[in-house]
Amino acid sequence: GLSRAALDLALAAVDERGLQAPYRAPASVLSGTLGGQRRFATQQYDLDRVKALARAGECRLNDIVLYLSSSALRRYMIEHAQLPDRPLTAGIPVNLREAEDQSMGTAIGIMVAQLATNIADPRERLHAIARSTVEAKHHLSRLPREARTSYTLLINGPWIAGLVSGLGGRAPVPFSVGISNVPGPVEPLYMNGSRLDALFPLSLLMHGNALNITCVSYAGTLNFGFTGARDTLPHLQRLALYMGEALAEMEQVLLGGRRRRAPAASRPKTSRR
């Protein structure tokens with residue numbers, strides 16, 4: 001199973017197809033060696049608002065999350081850095097546990113999908129992302145259960161080896177940015193009568209990945225956390241602003257005048273550490 005997966009990835013590296021091979025991420029402001037300082041920005045949306053886009057676009061919620069991230073990154077790089085000619089890629093954690101598996105521990109794999117940042121048209125960008133994630137999921141589904149953990153090591157092993165050996169930031173990385181969508185509590189949570197209003201994820205960074213975008217669903221909302229290297233990505237909070245504008249733009253493209261009035265997104269916040 002691993003041999004077949006490796007062959008598929010090798011073919012994807014030299015052929016134009018939806019499946020994305022790791023370690024082909026274009027050089028960008030996201031790659032390189034990181035300093036120790038971080039910035040953190042947040043954004044919150046009504047979950048039903050994002051789900052309506054997924055239904056209208058005939059894709060999955062994860063595809064909309066990737067589209068919003070891609071659109072924000074595309075605009076950020078056009079205005080504050082340099083947009084690569086080739087599309088940025090995303091490393092996306094996926095749950096490898098079978099529905100009937102009740103064992104302890106985690107079973108997390110990784111898939112690589114393109115973000116279509118080189119495509120200007122919003123609708124075409126969404127379709128390219130959805131096509132890439134379908135190919136990546138099909139690629140993972142063909143793996144035998146016993147090979148899935150080893151496959152994750154196949155993807156991340158060279159990168160981790162480079163970090164351990166001190167080559168972090170100077171060696172190729174498997175993907176441009178990590179993007180995660182984590183399901184959270186459906187009902188509101190309370191402590192001593194106080195309601196938890198929002199839940200924003202804060203992630204770690206490693207050399208070669210100056211940005212991580214993670215979102216967590218909670219009580220009818222979708223909460224994004226942008227963790228970035230301060231010296232590499234100035235004005236990080238603008239990514240959150242651009243994401244909000246990308247959401248409104250896609251609503252006009254897919255829903256047009258049928259868009260319902262939705263609760264306004266929370267004001268993006270930023271902090272420095």
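Two strands pair if DSSP finds at least two bridges between them. That is the idea to hold on to for the strand view below, and everything here comes from a predicted model.

**Figure 1. Here's the whole protein, with six helices and nine strands.** There are 273 residues, and 48% of them are buried. Take the contacts between residues at least 6 apart in sequence: 73% of these join residues at least 24 apart. The accessible surface adds up to about 13800 Å², and carbon and sulfur atoms account for 53% of that.

**Figure 2. Strand 2 meets strand 3.** The two strands, residues 89–95 and 108–114, run antiparallel and are joined by seven bridges. Pick out V94 and look across to strand 3: its bridge partner there is G109. Strand 3 is mostly covered, with six of its seven residues buried.

**Figure 3. Zooming in on Q114, a residue of strand 3.** Is Q114 buried or exposed? Its relative accessibility is 13%, so Q114 counts as buried. Leaving aside residues up to four places away in sequence, Q114 touches Q20, P87, L88, T89, A128, I129 and S132. There's also a link to the backbone: a polar atom of the Q114 side chain sits 3.1 Å from the backbone nitrogen of A116.

**Figure 4. Helix 2 and what covers it.** Within helix 2, residues 47–56, the buried residues are L47, R49, V50, A52, L53 and A54. Their cover includes strand 1 (38–46), helix 3 (61–80) and helix 6 (237–254), along with strand 7 (211–218) and strand 8 (221–229). After the helix comes E58, which has a positive phi near 55°.

**Figure 5. Two loop residues with positive phi.** Y23 sits in the loop between helix 1 and strand 1. Its phi is near 65°, a positive value in a residue other than glycine. A219 belongs to the loop between strand 7 and strand 8, and its phi is positive too, at about 50°, although A219 is not a glycine. As for cover, Y23 is partly exposed at 24% relative accessible area, and A219 is partly exposed at 22%.

**Figure 6. A nonpolar patch on the surface, made of L7, L11 and V14.** Together these residues show about 300 Å² of accessible area. L11 lies in helix 1, residues 2–14. With a relative accessible area of 37%, L11 is partly exposed.

**Figure 7. D8 and R142, a salt bridge between distant parts of the chain.** The closest N and O atoms of D8 and R142 are 3.0 Å apart. D8 is in helix 1, while R142 is in the loop between helix 4 (122–141) and helix 5 (148–164), so the partners are 134 residues apart. D8 is buried, at 15% relative accessible area, whereas R142 is partly exposed at 36%.

**Figure 8. More salt bridges, from a count of six.** R75 and E79 pair up with their closest N and O atoms 3.0 Å apart. Where do they sit relative to each other in helix 3? They are four residues apart in that helix, so about one helical turn separates them. R75 is partly exposed at 32%, and E79 is partly exposed at 44%. A network of salt bridges links R75, E79 and E245. Another pair is D197 and R195, whose side chains meet at 3.7 Å, N to O. D197 is exposed, with a relative accessible area of 57%, while R195 counts as partly exposed at 38%.

How values were computed. Residues numbered from 1 in each chain as written. Predicted model: local features only at pLDDT ≥ 70, side-chain atom pairs only at ≥ 80, totals over all residues. Heavy atoms only, no water. Buried < 20%, exposed > 50% of the residue type's maximum accessible area, 1.4 Å probe, protein only. Contact = heavy atoms within 4.5 Å. Areas by Shrake-Rupley, 256 points an atom, 1.4 Å probe, with all protein chains shown as cover. Patch = residues over 30% accessible without salt bridge, like charges linked within 9 Å, V, L, I, M, F, W, Y side chains within 5 Å. Salt bridge = Lys/Arg side-chain N within 4 Å of Asp/Glu carboxyl O. Polar contact = N/O pair within 3.5 Å; in protein donor to acceptor, adjacent residues only side chain to side chain.
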